[in-house]
Each structure stands twice: as C-alpha cells, then as structure tokens.
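Here's a quick tour of one protein model, written for someone who likes to see the cut-offs next to the claims. Have the viewer open as you read.

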Amino acid sequence: MTAFQLHRNPHGQLVCTDAQGQVHVGVVPVRAFPITAPDEGLSLVAPEGHEVAWIDRLQALAPTARALIEEELAQREFMPEITRLVAVSSFATPSTWHIETDRGPTQLVLKGEEDIRRLPGGRLLIADREGVSYLIRDPAALDRTSRRLLDRFL
C-alpha cells in the first residue's frame with residue numbers, strides 16, 4: 001500500500017496528499033534512473049524542489065496513480081529512438097546527422113564524440129547541440145549503412 005494519494009486538480013496539476021495528510025499541489029514525477037531502470041526509483045517532487053514521496057516500483061502502485069504518473073512522465077520526457085542514419089555532413093565534429101527516428105525524420109548536430117554515451121546493454125545515448133537526447137537501443141540491429149556511419153564516430 002502506498003503512503004500517499006494522488007489526483008489531478010481542475011488546473012491539470014498533480015496533487016499529492018502524503019502520509020501525514022499534507023497536500024502538495026503541482027508535484028512532478030522524476031525518474032532516478034530514466035534509462036537503465038525507468039520503472040524503478042521515482043520521486044514525486046514539489047514545486048519548491050523537495051521530495052514528497054518515493055516510489056520503489058511504478059508497477060506496485062494502484063492503476064489510477066500509476067496512470068497519472070505515466071501521463072505526466074509522457075508529457076515531460078522526450079527521447080526519440082534512432083532507427084536509421086541516412087547521412088552525415090562530415091566525419092569531423094561538429095557534424096549534422098540526417099536520421100530517422102520512431103517519431104519521424106529529423107536532423108541533429110553532434111558537437112563532439114563525447115556527446116555519444118555508451119550505456120549498459122550496448123545502447124547508445126546521443127545528445128545533440130540543442131540538448132535533445134536520442135537513443136539507439138541496439139546499434140547492431142541498425143541497417144548496414146547506419147552501422148557504418150555510426151562506427152566512424154565510435
């Protein structure tokens with residue numbers, strides 16, 4: 001059983017009533033490990049920046065509270081997954097990459113090779129000049145051309 005209640009007010013804000021009965025309006029869910037363990041270790045943070053509730057596992061919540069948190073996270077988080085590299089402007093950085101993602105075609109500007117992070121399980125996280133992070137879930141599953149372009153930067 002959770003030690004808090006969660007609902008959305010008429011203004012669309014998440015409202016958390018903690019175990020002591022204190023009401024916190026405008027809480028925001030924050031993942032502790034958004035890439036490696038997205039459904040484990042979430043914090044509900046008040047607008048002032050302090051934690052009002054901790055969630056060990058998202059799946060342990062009641063379906064209504066879980067749905068509210070998942071809705072809020074979906075609105076806040078934006079991490080397209082790269083499915084194909086179409087072309088790169090240069091093999092020296094900065095370079096412009098023309099890519100296809102799970103959200104459609106786009107381009108990103110890679111400032112330097114250090115903006116490509118290797119994650120557990122072989123995944124890659126690529127940060128562009130604008131601060132958007134792109135995920136490559138399985139580089140080996142990319143088509144041959146994409147792998148060849150990507151290898152030049154790894």
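What follows covers a sheet and its helix, a ring cluster, a cis proline and a pair of hairpins.

## Ground rules

This is a predicted model, so keep the filters in mind: local features need pLDDT of at least 70, side-chain atom pairs count only at pLDDT 80 or more, and totals for chains, interfaces and linings use all residues. Residues are numbered from 1 along each chain as its sequence is written, and side-chain values use heavy atoms, with hydrogens and water left out.

Helices (H or I, at least four residues) and strands (E, at least two) are DSSP runs, numbered from the N terminus. Two strands pair if DSSP finds at least two bridges between them.

## The three-stranded sheet

Strands 4, 5 and 6 make an open sheet in the order 4-5-6, paired antiparallel. Its edges are strand 4 (28-31) and strand 6 (51-57), each pairing on one side only. From one strand to the next, the twist averages 25 degrees.

Strand 5 (residues 40-45) runs antiparallel to strand 6, with five bridges joining them. For a handle on the register, look at serine 43: its bridge partner in strand 6 is tryptophan 54.

## Helix 1 on top of the strands

Helix 1 (residues 63-76) lies across strand 4, strand 5 and strand 6, at about 75 degrees to strand 4 (axes are lines fitted to C-alpha atoms, for helices over the stretch in contact, and angles run from 0 to 180 degrees between N-to-C directions). Its 14 residues should span 20 Å at 1.5 Å a residue, and the end C-alpha atoms are indeed 20 Å apart (the expected span is 1.5 Å times one less than the number of residues).

Which residues of helix 1 are buried? They are Ala65, Arg66, Leu68, Ile69, Glu72 and Leu73, where buried means under 20% relative accessible area, exposed over 50% and partly exposed in between (1.4 Å probe, protein chains only). Seen down the axis of helix 1, the buried residues fall within an arc of 160 degrees, so they line one face (the arc is that of the directions from the helix axis to the C-beta atoms). They pack against strand 1 (5-8), strand 2 (14-17), strand 4, strand 5 and strand 6, with contact meaning heavy atoms within 4.5 Å. The face turned away carries the exposed Pro63, Thr64, Ala74 and Gln75.

## A ring cluster and a cis proline

Ring pairs link Phe91, Trp97 and Phe153 into a cluster. Rings of Phe, Tyr and Trp (its six-membered ring) pair if their centres lie within 6.5 Å; planes under 30 degrees apart are stacked, over 60 edge-to-face, and the rest tilted. The count comes to two aromatic pairs. Phenylalanine 91 and phenylalanine 153 have ring centres 6.0 Å apart and planes at 45 degrees, so that pair is tilted. Phenylalanine 91 sits in the loop between strand 7 and strand 8, and phenylalanine 153 in the segment after helix 2 (144-151), 62 residues apart. The tryptophan 97 and phenylalanine 153 pair is tilted too, at 5.0 Å and 50 degrees.

Phenylalanine 91 is partly exposed at 36%, phenylalanine 153 is buried at 4%, and tryptophan 97 is buried at 0%. The loop between strand 7 (82-88) and strand 8 (95-101) also holds proline 94, joined to threonine 93 by a cis peptide bond with omega about 0 degrees.

## Two hairpins

Strand 10 (residues 116-118) and strand 11 (residues 124-127) run antiparallel over three bridges. Five residues separate them in a hairpin, and glycine 121 in the turn has a positive phi of about 85 degrees.

Strand 11 also pairs antiparallel with strand 12 (residues 133-136), over four bridges. Isoleucine 126 links the picture: its bridge partners are isoleucine 116 and, in strand 12, tyrosine 134.
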